[in-house]
Amino acid sequence: MEKIIVTGALGQIGSELVTKLRKVYGADHVVATDIRKTDCEVVQSGPFELLDVTDGKAMYDITRKYDADTFIHLAALLSATAEAKPLLAWNLNMGGLVNALEVARELRCKFFTPSSIGAFGPSTPKDGTPQDTIQRPTTMYGVNKVSGELLCDYYNHKFGVDTRGLRFPGLISYVTPPGGGTTDYAVEIFYEALKNKSYTSYIAEGTYMDMMYMPDALQAIIDLMEADECKLKHRNAFNVTAMSFAPEEIAAEIKKHIPNFAMKYEVDPVRQAIAESWPNSIDATAAKEEWGFKARYNLETMTKDMLDQLTMKIVKSAG
Ligand code: AKB
């Protein structure tokens, strides 16, 4: 990867990925793009361009202007927002993806886009969900993700584009909050625990979902993109996970650090239904075997680091 374009660069993954890629590959080698521009590190620390991913010509022009050889396409609506605005989700998630794949085909870029545990549905085996299994999601987000996985495979076998992807679980991070996802509770809980010593979960007790701490997710993207192509049997949409927990388990872990932390439940039926349609835990054997995927953080180490980092962030912003 010499010159990398990132779409959705101010989102939850993008804002940390751009910073990490600039450290590894050099600030001038990573072009951040987003539909909005704010006064943040990503905008200030290297090249930045405004880009609406539904505008294929603008996307092509920017990629050509910087002579990029790698395209990382992150811009997308998450599951809960996509369920509230299904047509917008189809147009943005699929329109943006096909534009990005076309740019990668025309300009011969290596390509990455994330899939999700949302690509599975109620008829998928729930525990230890295999890499290759039934994918009949019942959400618009899931329909977008399965279609996206297939489209990336198609661009690879039809046009030879070097497409790669990961099925991300819920991502937990302290830099940029997620927005409109089903797994967002696992991030919100930390902010509320530090601020109010309590959290009201919109996901019910006993609902298990896979999760991963952002540093592991960023390393997984780089490792997959740097992996030897000959070793990849799956190429797109590798299952990756670091932990699986239910709301009461993350609450118990937080309580070890904040003993008077209290958890309440007010279940949101829409997000609960989405969560129940997803696996309890997925199997990442293919990613481990084909390109050496390894997660460093588990529930215990992630919780400690999140609380430490957020505490520092709060102290900094207060001072
Ligand atoms: C969401 O909750 O929509 C995302 C995801 C698991 O893809 N975090």
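**Ligand site between two domains**

The shell around the ligand takes at least three residues from each of two domains, domain 1 (4–169 + 213–239) and domain 2 (171–211 + 243–279 + 298–318). Before I go on, please keep in mind that this is a predicted model.

First, the domains. The bounds I just gave come from the domain assignment of the chain. Measured is not the word here, but the computed separation of the two domain centres, taken over C-alpha atoms, is 25 Å. As for how they meet, 26 residues of domain 1 are in contact with 27 residues of domain 2.

Now the ligand. Where does the ligand sit? It is in the largest pocket. Around the ligand you will find Leu78, Ser79, Ser116, Ile117, Tyr141 and Pro169, and further along the chain Gly170, Gly181, Thr182, Thr183 and Trp278. Sorted by class, that shell has five nonpolar residues and six polar ones, with no charged residue.

Next, the polar contacts, and I have three to show. Ser79 places a polar side-chain atom 2.5 Å from an oxygen atom of the ligand. Ser116 also uses a polar side-chain atom, at 2.7 Å from a ligand oxygen. With Thr182 the partner is a polar backbone atom, which lies 2.7 Å from an oxygen atom of the ligand. On burial, the ligand taken alone exposes 260 Å², and the protein buries 94% of that.

To sum up, the ligand is in the largest pocket, and both domain 1 and domain 2 supply residues to the shell around the ligand.

Note on methods
Residues are numbered from 1 along each chain as its sequence is written. This is a predicted model: local features need pLDDT of at least 70, side-chain atom pairs count only at pLDDT 80 or more; totals for chains, interfaces and linings use all residues. Side-chain values use heavy atoms; hydrogens and water are left out. A residue is near a molecule or strand if one of its heavy atoms lies within 4 Å of it. A polar contact is a pair of N or O atoms within 3.5 Å; within protein, one must be able to donate a hydrogen and the other to accept it, and residues adjacent in sequence count only if both atoms are side-chain atoms. Accessible areas come from the Shrake-Rupley method with a 1.4 Å probe; for residues, only the protein chains shown count as cover. On a 1 Å grid over the protein atoms alone, a cavity is a set of points where a 1.4 Å probe fits but cannot get out, and a pocket is an open set with protein on both sides within 12 Å along at least five of seven lines; lining residues have an atom within 4 Å of a point. A molecule sits in a cavity or pocket if more than half of its atoms lie within 2 Å of its grid points. Ala, Val, Leu, Ile, Met, Phe, Trp, Tyr, Cys and Pro count as nonpolar, Asp, Glu, Lys and Arg as charged, and the others, Gly among them, as polar. Domain bounds come from an automatic or database domain assignment. Contact means heavy atoms within 4.5 Å.
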